[in-house]
Amino acid sequence: MLLACQNITKSFGVKTILQNISFHIEDNEKIAIVGINGCGKTTLLKIIMGQESQDSGQVVQAKDTTIGYLSQHQDISFDNTIYAEMLETKQHLIDLEAQIRKLELEMQSLEGEQLEQVLEIYNRLSSKYDRENGYAYESEVTGVLKGLGFDKADYERHINTLSGGQKMRIALGKLLLTKPDIIILDEPTNHLDMSSISWLEGYLSSYKGSVIIVSHDRYFIDKIATKIVEIDNTKGIIYNGNYTYYASKRAELRANQMKAYLNQQQEIKHQEEVIAKLKQFNREKSIKRAESREKSLNKIEVLEKPTEVNSEMNLKLTPSVESGNDVLTINGLSKAYGSTILFDNIDLEIKRGEHVSLIGANGTGKTTILKLITHRETKDSGVITLGSRVKIGYYDQEHQVLSNNKTIFEELSDSYPDLTNTQIRNVLAAFLFTGDDVFKQIKDLSGGEKGRVSLAKLMLSPANFLILDEPTNHLDIQSKEILENALKNYTGTLLTVSHDRYFVNSISTRIIELKDKQIYNFIGDYNYYESHKENIYETNKSSKVLAFSSVSQIENTEEKKSSKSDYLKLKEEQAKQRKIQNDLKKLESKIEELETKIEEIDILINDSQNATNSHKLAELSASREEYDKELLETYDKYYELLD
């Protein structure tokens, strides 16, 4: 065991954040800590690092264990060039190499016993140099720099001229090169593009030491983690597996917990009703029986209601008007900034109902394409044509669609005056704005908060062509799931730019990659793209521009058949999932209807006018039992579909 957290508890004022959190990390183990925003993930990391004190519990660290920590926010000011700063992590090897060279020079003028003594030191230092991979430290440095997206031309750039995101990548690279026993990373993928994230996955997966990560990037967690620590309602729950295993087991656990909770609540209500009826008879025997039942009821350990994910936030995106079949057609589109050509003479078609994700490395022009389509940038050449009855809903990273002088609530209510206060509050709650938060002014919000408000507005949009630029930035996993569920069932057309591969994989029926100023087309989700991209690159080496109005333009005949088969299977699976979602919605409506009827019966049972009417009470109780039985059966059907 390298490190253990034992019953860590932490409160801020009267609010408990962490309660008896316990887990340990073994050598070469990879742990991901997950939970909603504000649940205490970063606080736990700071407690481990000694930057924050716990109220109780302890962190136990094995002797001589080294830890490297990269926080989300830190002051990075390196007065150095990129390469020189990274090379400082290998200073001990550089010094060791200098000692070895010095000894080599000394040995040329020594003989006898003196030579033997120096030769012994030389051999010891050479073995250490070899053991610590000294002969390859320069290639190790350049490999990390390349993996994090820096070219050789960047090596002599001064760090203080870099952007905040680039500086964070330098800090991450330095940490990786120091090779501590435990690497602790808080949201390491925030400033990386897909290729850099993929490289980091490989690096951490094969890392000889241990890793603790906090991340909202589920695809990233899935590739690396061997254990998940979930913080939920201040408690810690351990899942021994990756994110896919965790998500499956969590759903199963939540379903079982909810069943147990509902069954117990039903039993408590039933006992309370029996007690109430026994007391109403006002006879000595009935009162004693009521008191006996009350004592038994008081001894019951009441189960906590489990966290409900998306239970009340089943948000729907419904286009007000169906567009024509041709939603977007682009011919010969080109754009450059000065001498930098982003793309040249590209073609693109999007049909009604397609869910398209535009991916590519940072700086390739993905966001620029979205801005050209929405007339926020001017093209150099080419034609962009929107189809008939196309109505665009746009979400951008800069949140230019918000009014600074309005409150969050006003922003939505002014845009959608027909909505009730409850409907607006429900949507805002889905994106973590509750209570008095809804009355904050837009100008006082952080970038992440503005992003969540923009998404909340979009959820209510009647548009039939949604264009989204990095919609999951700054969202926690629960909010991402809410957005994904809404978009997966969206019957309109979707075009997104995102680095969130789990999100892309979840909502896409087609991937378009912008690479080397060209367009590459993949009919399928992100997993399909990952498994087919090398074949597509190889097939199209001789092609300068790839049109993608059909698969035949980018694949040979056999690949076309395979792609069509995959596409049909994907459509079949999507139809199946849509049916399940529709069935779930019907069951949710039935559950709500039954619960309303039960509440109405409860009111009548407790009505003083019925207190002495035993016949009426018997009728009400019989009806209630029937509704209770039907409710539990409906819940069983609901959770069967969820499984």
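Good morning. Setting aside the residues within four places of it in sequence, Thr43 is in contact with Lys10, Phe12, Leu18 and Glu52. I begin with this residue and then turn to the chain as a whole. Please keep in mind throughout that the model before you is predicted.

Thr43 has its place in helix H1, which covers residues 41-48. Is Thr43 buried or exposed? Its relative accessible area is 15%. Because buried means under 20% relative accessible area, Thr43 counts as buried.

Let me now widen the view. The chain comprises 643 residues, and 47% of them count as buried. Its secondary structure consists of 19 helices and 18 strands. How much of the contact pattern links residues 24 or more positions apart? Among contacts in the chain with a separation of 6 or more, such pairs account for 69%.

As to the surface, the chain exposes about 32,400 Å². Carbon and sulfur atoms supply 46% of that area.

I close with one feature of this surface. Which residues form a negative surface patch? They are Glu592, Glu595, Glu599 and Glu600. One of them, Glu595, is found in helix H18, a helix that spans residues 557-605. The relative accessibility of Glu595 is 30%. Since partly exposed covers the range between under 20% and over 50%, Glu595 counts as partly exposed.

To recapitulate the two residues discussed: Thr43, in helix H1, is buried, whereas Glu595, in helix H18, is partly exposed. Thank you for your attention.

Technical notes: Residues are numbered from 1 along each chain as its sequence is written. This is a predicted model: local features need pLDDT of at least 70, side-chain atom pairs count only at pLDDT 80 or more; totals for chains, interfaces and linings use all residues. Side-chain values use heavy atoms; hydrogens and water are left out. Patches are made of residues with over 30% relative accessible area and no salt bridge: like charges are joined within 9 Å, nonpolar side chains (Val, Leu, Ile, Met, Phe, Trp, Tyr) within 5 Å. Accessible areas come from the Shrake-Rupley method with a 1.4 Å probe; for residues, only the protein chains shown count as cover. A salt bridge is a side-chain nitrogen of Lys or Arg within 4 Å of a carboxyl oxygen of Asp or Glu. Lys and Arg count as positive and Asp and Glu as negative; His and the chain ends are not counted. The place of a charge is taken as NZ of Lys, CZ of Arg, CG of Asp or CD of Glu. Helices (H or I, at least four residues) and strands (E, at least two) are DSSP runs, numbered from the N terminus. Buried means under 20% relative accessible area, exposed over 50%, partly exposed in between (1.4 Å probe, protein chains only). Contact means heavy atoms within 4.5 Å.
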